[in-house]
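Got your viewer open and a selection box ready? Let's walk through this one stop by stop, picking side chains as we go.

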Amino acid sequence: MELQERIPVSLYTAVDRDMFVQQICPQRRPAVLRGVSMGPCLEKWTVQYLAQRGGDKEVKIHVSPVPQMDFLRKNFAYKTLPFNEFVKRVSERKHSDFFLCEDESYYLRSLGEDVRKEPADLSKQFPGLAEDFHVPQFFEPDQFFSSVFRISSCGLQLWTHYDVMDNLLGQVTGMKRVVLYSPQDALHLYLSGDKSQVLDIDAPDLKQFPDFVKAKRYECVLEPGDLLFIPALWFHNTTALQFGVGVNVFWRHLPADSYDKKDPYGNKDPLAATRALQALERALHTLDELPADYRDFYGRRMVQRIQKNAVKWVLKKSEVCIMLTLVEETFLLRDFL
C-alpha cells in the first residue's frame, strides 16, 4: 500500500551460525538469508518426486474458492486428500477434480500425528522427504519446537498474524512475497487474537481501518533457497507468487517453561503474558460495576499506568502493545489515544 512507509527486509549472504547468533538474531528484526545450505531438496522436490516420496498418506488441507483466505468469514473448508493427489492438484491452476470449483486454491500446513498433543515434525510425518531438507543449525537442539511443511497454490494469500516463537521460513520451490509488521505497530493492525482484521493489506478499507496506514511495511520476495528469519511476535502476511513448497522451523527463543506445554501449534502467548492479559480482563470486568463515565476515566488511568511502567517491566514492548489494544477495544478509546 502506497500510504505506508515501506522498508526492504535486510538481505544477508554467507551466513554461518556465529553470524546469525551474534549479529542477526540479537537485532530482533526479520532478515533474508541467501545461500545457506538447505540440502538436496532444492534440486529434488519436483511435483513428481514429492508425490512419489510422500505417498498416499492422508493430509488435512485448506480449500478456498478464492486465493485470499479469510479467517474472519472462514471462506475455506477443511478437506482430506492423499498427499500424492494433493500435490498434483495444488500445482495446477485449473482442476478436473475439485471440491468447490475448478480454480479453487489449496494450502497445506502439516500437523503432528496427534494434532492435539504433538507439534509438526517433518522427520516424523514425512521421513522420506525430511532427509532432503537440512535444518539450519542456528539454535541449540533442545530449543527445537517444530518443522512445518507448507505447500500452497499459486496466488494463495494467508492472513497477517504473529507467532510466539522465532522461526526460519525455508523457501524450497517457487517464489513468495512476505510482508511483515513490527510488534511495535500492533496498535495499528486491528488485532483479533493473534491475527489482523485487515485482510487486504494492499487495498485496505481505510474507513474501517484508518490507523493501518501508520504501520511500517517490511517486504521481501523469497526465491528458492532463501531463508527468512521471522522473530517472535513479528506479524507476517504471505502470498505465493508461484506454486510453492517450504518448511518452517520454529524454536523456543525464551526458556522452555515460558510456553504452554499443551500447545502443539506453538501459537499461544507465553504464560506470563497470558496471565497478565487475564488479570487485565478481570480488572476490566471489575470496572463494569461503575457508571460509564467512571469506567471511561479509570480505563484511561489504566492505559496511562501501563504506558508509564512499560519500560520497567520484563514484558516485551510488543506484549504491552497487545495489552493496550485490549484496553482500547474494551473502552472504545481508540480515538483518544
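The tour below goes from the largest pocket to the aromatic rings and then to the charged side chains. Keep in mind throughout that this is a predicted model.

**Stop 1: the largest pocket**

Start by selecting His62, Tyr107, Arg109, Arg150 and Trp159; these are the lining residues that lie nearest the centre of the largest pocket. The whole lining runs to 33 residues, and the space in the pocket is about 820 Å³.

Now switch to a cartoon view and colour the strands. E4 (58-64), E6 (105-109), E7 (144-152), E8 (157-161), E9 (166-173), E15 (235-240) and E16 (244-251) each put at least two residues into the lining of this pocket. Which strand gives the most to the lining? That's E15, with four residues.

If you colour the lining by class, you'll get 16 nonpolar, nine polar and eight charged residues.

**Stop 2: the rings**

Next, show the aromatic side chains. The count here is 19 aromatic pairs. Zoom in on phenylalanine 83 and phenylalanine 149, a pair with 6.1 Å between ring centres and 25° between the planes. The pair counts as stacked because its planes are under 30 degrees apart. In sequence these two are 66 residues apart, with phenylalanine 83 in helix H4 and phenylalanine 149 in strand E7, so the pair links distant parts of the chain.

Buried or exposed, where does phenylalanine 83 fall? Turn on a surface to look: phenylalanine 83 is buried at 0% relative accessibility, and phenylalanine 149 is buried with a relative accessible area of 0%.

Widen the selection to Trp45, Phe83, Phe86, Tyr106, Phe126 and Phe149, and you have a cluster linked by ring pairs.

**Stop 3: charges over rings**

Two lysines are worth a click here. Pick lysine 60 and tyrosine 78: the lysine lies over the face of the ring, 5.0 Å from the ring centre. Then jump to lysine 195, whose charged end sits over the ring of phenylalanine 71 at 5.7 Å from its centre.

**Stop 4: salt bridges**

How many salt bridges does the structure hold? There are 19, and we'll visit a few of them.

Go back to helix H4 (residues 83-90) and select glutamate 85 and arginine 89. They form a salt bridge, with the closest N and O atoms 2.9 Å apart. Look along the helix: the two are four residues apart in H4, so about one helical turn separates them. Arginine 89 is buried, at 9% relative accessible area.

Now take aspartate 70 and arginine 73, whose side chains meet in a salt bridge at 2.9 Å, N to O. What does the surface show for each partner? Aspartate 70 is buried, with a relative accessible area of 8%, whereas arginine 73 is exposed, with 64%.

Move on to glutamate 92 and lysine 88, which meet in a salt bridge at 3.2 Å, N to O. Here glutamate 92 is partly exposed at 24% relative accessibility, and lysine 88 is partly exposed at 35%.

For the last selection, show Arg6, Arg177, Asp202, Arg217 and Glu219 together. Salt bridges that share partners join these residues into one network. Leave the side chains on as sticks and trace the contacts from one residue to the next.

Terms used:
Residues numbered from 1 in each chain as written. Predicted model: local features only at pLDDT ≥ 70, side-chain atom pairs only at ≥ 80, totals over all residues. Heavy atoms only, no water. Salt bridge = Lys/Arg side-chain N within 4 Å of Asp/Glu carboxyl O. Buried < 20%, exposed > 50% of the residue type's maximum accessible area, 1.4 Å probe, protein only. 1 Å grid on protein atoms, 1.4 Å probe; cavity = no way out; pocket = protein on both sides within 12 Å on 5 of 7 lines; lining within 4 Å. Points joined across faces, edges and corners; volume = space filled by probe spheres on them. Nonpolar A, V, L, I, M, F, W, Y, C, P; charged D, E, K, R; others polar. Phe/Tyr/Trp six-rings, centres within 6.5 Å; stacked < 30°, edge-to-face > 60°. Lys NZ or Arg CZ within 6 Å of the ring centre and 35° of its normal.
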